[in-house]
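Biologist: Please take a close look at one part of this structure for me, the salt bridges, and then show me how that part sits in the rest of the chain. I am still learning to read such pictures, so a slow and connected account would help.

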Amino acid sequence: MRGSERKLELLEGEVVAFAGGSVAHGILCSRIHALVSAATKPPCQAFTSDVAVRVNERATYVFPDVSRTCEKLDADARFIAAPDLVVEVISPESKARDRGEKLDAYQSIPSVMEYLLVDSRRVWMCVFRRMAAGVWTETTYELGETVELRTAGVSIDVTELYAGTGRVLGT
């Protein structure tokens, strides 16, 4: 939202403020963005939470931690409208919104093929993936497993992603 000193999202017409994340949140966001960005080739682009995603048909502008799009963009654009991958690093405060309203919003965007949730408090990742006929699957991952983000051509080793964050399985 332009002109605000706080980071705000507009979820179905309701303004929602959100606080900065923990150090673990920052590490996870940075690592995921680096992986997605490195695998993304023009005309596609990967973004951090500085770029909003607009959800058509709804009064919704959100700032995912990482997003990727292959839509044609103007350099002065303030949002993207056709992401194919969206990533949210969740906290106890954002978990319900990220698994509720935001999940619904992202699934309503026809271009979104994968929505990755990454827990900042414990080792846990979940990929919602659009399959044939618009059916969505949900797969969770923990230590020792590898998350495949097919849209971006990225493999994420869960153990490596969480290394140095102070997070261990189940805490």
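Modeller: Let us begin with a small group of charged side chains, in which Glu88, Asp98 and Lys102 are linked in a network of salt bridges; please keep in mind throughout that this is a predicted model. Within that network, Lys102 pairs with Asp98, and their closest N and O atoms are 3.5 Å apart. Is Lys102 buried or exposed? Lys102 counts as buried, because its relative accessibility is 4% and the cut-off for buried is under 20%. Its partner Asp98 is buried too, with a relative accessible area of 1%.

A further salt bridge joins Glu138 to Arg99, with 3.1 Å between the closest N and O atoms. This pair links distant parts of the chain, since Glu138 belongs to strand β11 (residues 136-141) and Arg99 to helix α2 (residues 95-99), 39 residues apart. Glu138 counts as partly exposed at 44% relative accessibility, and Arg99 is also partly exposed, at 30%.

In another pair, the side chains of Asp119 and Arg122 meet in a salt bridge, 3.5 Å from N to O. Here the two partners fall into separate classes, for Asp119 is buried with a relative accessible area of 6%, whereas Arg122, at 26% relative accessibility, counts as partly exposed. A search of the whole structure finds six salt bridges, and those described here are among them.

Charged pairs can be set beside another kind of link, the disulfide, which is a covalent bond between the sulfur atoms of two cysteines. The count for this structure comes to one disulfide, formed by Cys44 and Cys70, whose sulfur atoms are 1.8 Å apart. Cys44 lies in the loop between α1 and β3 (45-48), and Cys70 lies in the loop between β6 (66-69) and β7 (79-80), so the bond ties together parts that are 26 residues apart in sequence. The torsion about the S-S bond of Cys44 and Cys70 is about 95 degrees, and the disulfide is therefore right-handed. Cys44 is buried, with a relative accessible area of 10%, while Cys70 is partly exposed at 35%.

The loop that holds Cys44 brings us to helix α1. Helix α1 covers residues 23-39, which makes 17 residues, and reaches 25 Å from its first C-alpha to its last, close to the 24 Å expected at 1.5 Å a residue. Its buried residues are Ala24, His25, Leu28, Cys29, Ile32, His33 and Val36. Seen down the axis of α1, these buried residues fall within an arc of 155 degrees, so they line one face of the helix. It helps to know that an α-helix has 3.6 residues a turn, so residues three or four places apart point the same way. The face of α1 turned away from its buried side carries the exposed residues Val23 and Ala38. Cys29, one of the buried residues of α1, has a relative accessibility of 12%.

To place these parts in the whole, the chain has four helices and 13 strands, and 44% of its 171 residues count as buried. Among the contacts in the chain with a separation of 6 or more, 54% come from residues 24 or more positions apart. The chain exposes about 8,600 Å², and carbon and sulfur atoms supply 51% of that area.

Terms used: Residues numbered from 1 in each chain as written. Predicted model: local features only at pLDDT ≥ 70, side-chain atom pairs only at ≥ 80, totals over all residues. Heavy atoms only, no water. Helix = DSSP H or I, 4+ residues; strand = E, 2+ residues; numbered from the N terminus. Expected span 1.5 Å × (residues − 1). Buried < 20%, exposed > 50% of the residue type's maximum accessible area, 1.4 Å probe, protein only. Arc of directions from axis to C-beta. Contact = heavy atoms within 4.5 Å. Areas by Shrake-Rupley, 256 points an atom, 1.4 Å probe, with all protein chains shown as cover. Salt bridge = Lys/Arg side-chain N within 4 Å of Asp/Glu carboxyl O. Disulfide = S-S within 2.5 Å.
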